[in-house]
Amino acid sequence: MERRILDTLAELGFTSRSRLSELVRREGIDLPPFLLRVLSIVGRFPDHNQQQLLQRRGHDKGQVARAFKQLEQQGLIYRSGSSTPRRITQVTLTEEGQRLFCRLEAARSELASQALSGFAPQEVRKLNALLERMLENVDNATD
């Protein structure tokens with residue numbers, strides 16, 4: 001039973017990413033999926049260390065640094081901090097980045113509405129609490 005839950009979560013993740021890509025393309029957003037994830041993290045967690053958040057999701061420092069550089073070159077984020085690129089302390093969305101982020105969030109909201117269609121509000125709260133608890137259990141697991 002437990003393995004089946006993990007399989008379902010994996011399939012849900014894959015299907016959700018695929019559907020979100022479709023919604024994003026429909027909106028005319030033309031960024032690779034990883035850059036969209038990075039932009040989304042920067043927009044949703046402005047007061048957090050985005051590099052750590054991305055690394056927690058399995059992305060290495062170099063991959064994240066390259067994504068930040070690409071997004072900055074495209075005028076979607078602004079990096080500030082030390083004069084050394086490796087010492088960046090703050091990443092924020094530019095005005096153009098904020099507009100793109102809002103469009104991306106609209107697509108994410110549409111996907112969430114589709115996924116939770118027919119769920120009562122208390123079911124959504126319970127599901128969220130259970131999933132957060134699962135994540136905490138996995139995060140706290142020791143070898």
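A salt bridge here is a side-chain nitrogen of Lys or Arg within 4 Å of a carboxyl oxygen of Asp or Glu. By that rule, the count for this predicted model comes to five salt bridges. The legends below start with the whole chain and then move in on single residues and pairs.

**Figure 1. The whole chain combines six helices with two strands.** Reading from the N terminus, the elements run α-α-α-α-β-β-α-α, with both strands following the fourth helix and preceding the last two. Along its principal axes, the C-alpha trace spans about 50 × 40 × 25 Å. The chain has 143 residues, and 23% of them count as buried. Take contacts between residues at least 6 apart in sequence: 53% of these join residues at least 24 apart.

**Figure 2. Surface and charge of the chain.** The accessible surface comes to about 10400 Å², and carbon and sulfur atoms account for 51% of that area. As for charge, there are 22 positive and 18 negative side chains. How far apart do the centres of the two sets lie? The separation is 3 Å.

**Figure 3. Glutamate 22 and arginine 19 form a salt bridge within helix 1.** Helix 1 covers residues 2-26. In this pair the closest N and O atoms are 3.0 Å apart. The two residues are three apart in the helix, so about one helical turn separates them. Both partners are partly exposed: glutamate 22 has a relative accessibility of 38%, while arginine 19 comes to 26%. As a general point, side chains of opposite charge can pair when their charged atoms come close.

**Figure 4. Arg26, Glu27 and Glu110 are joined in a salt-bridge network.** Within this network, glutamate 27 forms a salt bridge with arginine 26, and the closest N and O atoms of that pair are 3.7 Å apart. Arginine 26 is also where helix 1 (residues 2-26) ends. Glutamate 27 is partly exposed, at 34% relative accessibility.

**Figure 5. Arginine 79, in strand 1, pairs with glutamate 72.** Strand 1 takes in residues 77-81. The salt bridge between arginine 79 and glutamate 72 has its closest N and O atoms 2.9 Å apart. The two side chains also make a polar contact, at 2.9 Å. Is arginine 79 buried or exposed? Arginine 79 counts as buried because its relative accessible area is 18%, and buried means under 20%. Glutamate 72 falls in another class: at 28% relative accessibility, this residue is partly exposed.

**Figure 6. Isoleucine 77 is a buried residue of strand 1.** Its relative accessible area is 3%. Which residues does isoleucine 77 touch, leaving aside those up to four places away in sequence? The answer is Leu39, Val42, Phe68, Leu71, Glu72, Val91, Thr92, Leu93 and Thr94. Glu72 may look familiar from the previous view, as the salt-bridge partner of arginine 79. For a sense of scale, try comparing isoleucine 77 with arginine 66: the two are 11 residues apart in sequence, and their C-alpha atoms are 13 Å apart in space.

Terms used: Residues numbered from 1 in each chain as written. Predicted model: local features only at pLDDT ≥ 70, side-chain atom pairs only at ≥ 80, totals over all residues. Heavy atoms only, no water. Helix = DSSP H or I, 4+ residues; strand = E, 2+ residues; numbered from the N terminus. Buried < 20%, exposed > 50% of the residue type's maximum accessible area, 1.4 Å probe, protein only. Contact = heavy atoms within 4.5 Å. Areas by Shrake-Rupley, 256 points an atom, 1.4 Å probe, with all protein chains shown as cover. Lys, Arg positive; Asp, Glu negative; His and termini not counted. Charge placed at Lys NZ, Arg CZ, Asp CG, Glu CD. Polar contact = N/O pair within 3.5 Å; in protein donor to acceptor, adjacent residues only side chain to side chain.
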